[in-house]
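Colleague: I have the two chains open in the viewer and would like to talk through how they fit together. Could you take me through it?

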Amino acid sequence: MSILVLADLHEGQLAGTTAHVVAAAQAIGGDIDVLVAGEEVQAAAESAAKLDAVSKVRVADNAVYAHQLAEPMGALLVELAGDYTHVLASASTTGKNVLPRLAALKDVSQLSDVLGVESADTFLRPIYAGNAIATVKSDDALKVITIRTTGFDAVGASGSAPIEAVDTVVENTQSSFVKEELAKSDRPELGGAKVVISGGRGMGNGENFKLLDGIADKLGAAIGASRAAVDAGFVPNDMQVGQTGKIVAPDLYIAVGISGAIQHLAGMKDSKVIVAINKDDEAPIFQVADYGLVGDLFEILPELESKL
Amino acid sequence: MKILVAVKRVIDYNVKIRVKADHSDVDLTNVKMAMNPFCEIAVEEAVRLKEKGVATEVVAVTVGPKTAQEQLRTALALGADRAVHIETDERAESLAVAKLLAKVVEEEQPGLVILGKQAIDTDNNQTGQMLAALTGLPQGTFASEVAVDGDKVHVTREIDGGLQTIALTLPAIVTTDLRLNEPRYAKLPDIMKAKKKPLDVKTPADYGVEVASKVSLLKVESPAERKGGVKVASVDELIDKLKNEAKVL
């Protein structure tokens, strides 16, 4: 078996998700190469080379791969896929954007959001917003898979794999990058944070999300939100936790003013410990919470912050 | 410009699903079905582009069993002009659907194809990207804003870190995210009118596409149930439990 892992980048650096995808590749077994594609990505390639279990890092460093646009990335993967039995990426917005193109061009299916590996051709994946887990077997010659990173513990970073350049340059006349508005935050990334505190519609407005800041600072937590809070315009979309937002599985998840729609639970129910704070003691969130506190969040949050 | 919009019949998003006792699949008997919510957003966007004068015709297409015509009629009631039903009782996976849609694109030559980013049953998030690859057209996935400008379309995409705007040459493929628009409800007179709008029925064989996939579903199980825990009476008790019982602080 030989596996190619497409590295996730975050502002030109290697994203933490990649170490989880390498762990999934390890569970499949075989040689693991990591592809780092983008513009000026040498530093990311060096980080990838340190990941345990990686045989080699392949770097496609060219302006055409800047921002990892789907068309050139798909074309690059098609060029490289011939050397591999499996191509993996995280189920990030980049992986989801690019990998189905590879699958279609190689005339194979893609398995999305895989959270467990049974064998080299049999995998577990969530369906119906995680309300059922399907075991699927692929008889395709090339397995194209996106990985739900919360399903695999990250590999360590004590390796030193060789780095080699990929000279393949593809053309792209169809799509171009215009702009990006990325949220700037000193807090940990939602996907990788050990503690997440999320607000819902019960927060009332965007201004009130500041009540979560102090607690997040004390706990080193990332701040998330329910879809209701995002749709109401309280906070931007990149904070959304749920079926169609981010999937998180921190050690501690604190849901504040979130009723607990199944679409939200789909994004956080694998957290180790869940705390719910809600004024409605019938809210469905309490059915999954390890610790529930019924009460007015505007009184509870300041008290919690002062006592932590 | 013609817009092709793809829709899928799925379990209604409010229904709590049950796994069959023999673990062969999810039980869909006597369950309320509806148009996939992301597809509703796709239809809405296409209809709005027609209302703005950007599009001249909206064609809705689906791949699925005979009952999927209900969802095509919904699309027609919402403002699509005509519909194409590719009828199959087989479980059509993303790749087969993308191949069929590629044939429809070849036939209809739309300027824009709009699809939902994912269906809420299989949660695959693949078909639009696969269609783009098969037709050789550029893609703007997870769109929260679509602006047609001459021979290009600007698509603002919801990505992990925030928003990204890209420009695509037309024709192009767009997949919708939740915040692209808020779909309207069909009015009764429009539902009546929709019954008279043209709806072509085809089969995968008409397009020479094989629906069978090389991925087999071995079993379906319910996820490990998460048990509700305890209610605590105060912030102090909560902090105590988190420190001494759960040991996460």
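**How chains A and B meet**

Modeller: Gladly. About 6700 Å² is buried between chain B and chain A, with carbon and sulfur atoms giving 55% of that area. Please keep in mind that this is a predicted model.

Colleague: Thanks! How many residues does the contact take from chain A?

Modeller: Contact here means heavy atoms within 4.5 Å. Chain B gives 76 residues to the contact. From chain A, the number is 84 residues.

Colleague: Which residues of chain B lose the most area to chain A?

Modeller: The residues in question account together for 11% of what the chain B side buries. They are B:Asp160, B:Arg226 and B:Val235.

Colleague: And which element gives the largest share of the side of chain B that touches chain A?

Modeller: Several elements of chain B give two or more residues to that side, including helices α3, α4 (127-135) and α6 (235-244). Strands β7, β8, β12 (215-221) and β13 (230-232) of chain B are also among them. The largest share is eight residues, and the element that provides it is β9(B).

Colleague: On to the polar side. Which residue of chain A meets B:Asp236 in a salt bridge?

Modeller: Across the interface there are 46 residue pairs in polar contact, and the rule finds four salt bridges. In the one with the side chain of B:Asp236, the N to O distance is 3.1 Å. The partner is A:Lys307.

Colleague: Now the open sheet of ten strands. Which strands are at its edges?

Modeller: The order runs β13(A)-β9(B)-β8(B)-β7(B)-β10(B)-β6(B)-β1(B)-β4(B)-β5(B)-β11(B), with mixed pairing. Each edge strand pairs on one side only. The edge strands are β13 (175-182) of chain A and β11 (199-202) of chain B.

Colleague: At the β11(B) end, what is the bridge partner of B:His85?

Modeller: Strand β5 (residues 82-87) of chain B pairs with β11(B) in the parallel sense, over four bridges. In β11(B), the partner of B:His85 is B:Val201.

Colleague: Which helix of chain A packs on the sheet?

Modeller: The helix touches β7 (139-149) and β8 (152-159) of chain B. Its direction makes about 85 degrees with that of β7(B). The helix is α4 (residues 93-105) of chain A.

Colleague: Last one: which residues of chain A does the UniProt domain annotation cover?

Modeller: The unreviewed entry has the annotation "domain: Electron transfer flavoprotein alpha/beta-subunit N-terminal". Over that stretch the chain is 25% helix and 35% strand, with the end C-alpha atoms 33 Å apart. According to the record, the annotation covers residues 3-181.

Definitions and conventions:
Residues numbered from 1 in each chain as written. Chains lettered and ligands numbered in written order. Predicted model: local features only at pLDDT ≥ 70, side-chain atom pairs only at ≥ 80, totals over all residues. Heavy atoms only, no water. UniProt positions renumbered as here; feature names shortened; annotations may be inferred. Pairing = 2+ DSSP bridges. Axes fitted to C-alpha atoms, helices over the stretch in contact; angles between N-to-C directions. Buried area = accessible area lost by both parts, 1.4 Å probe. Polar contact = N/O pair within 3.5 Å; in protein donor to acceptor, adjacent residues only side chain to side chain.
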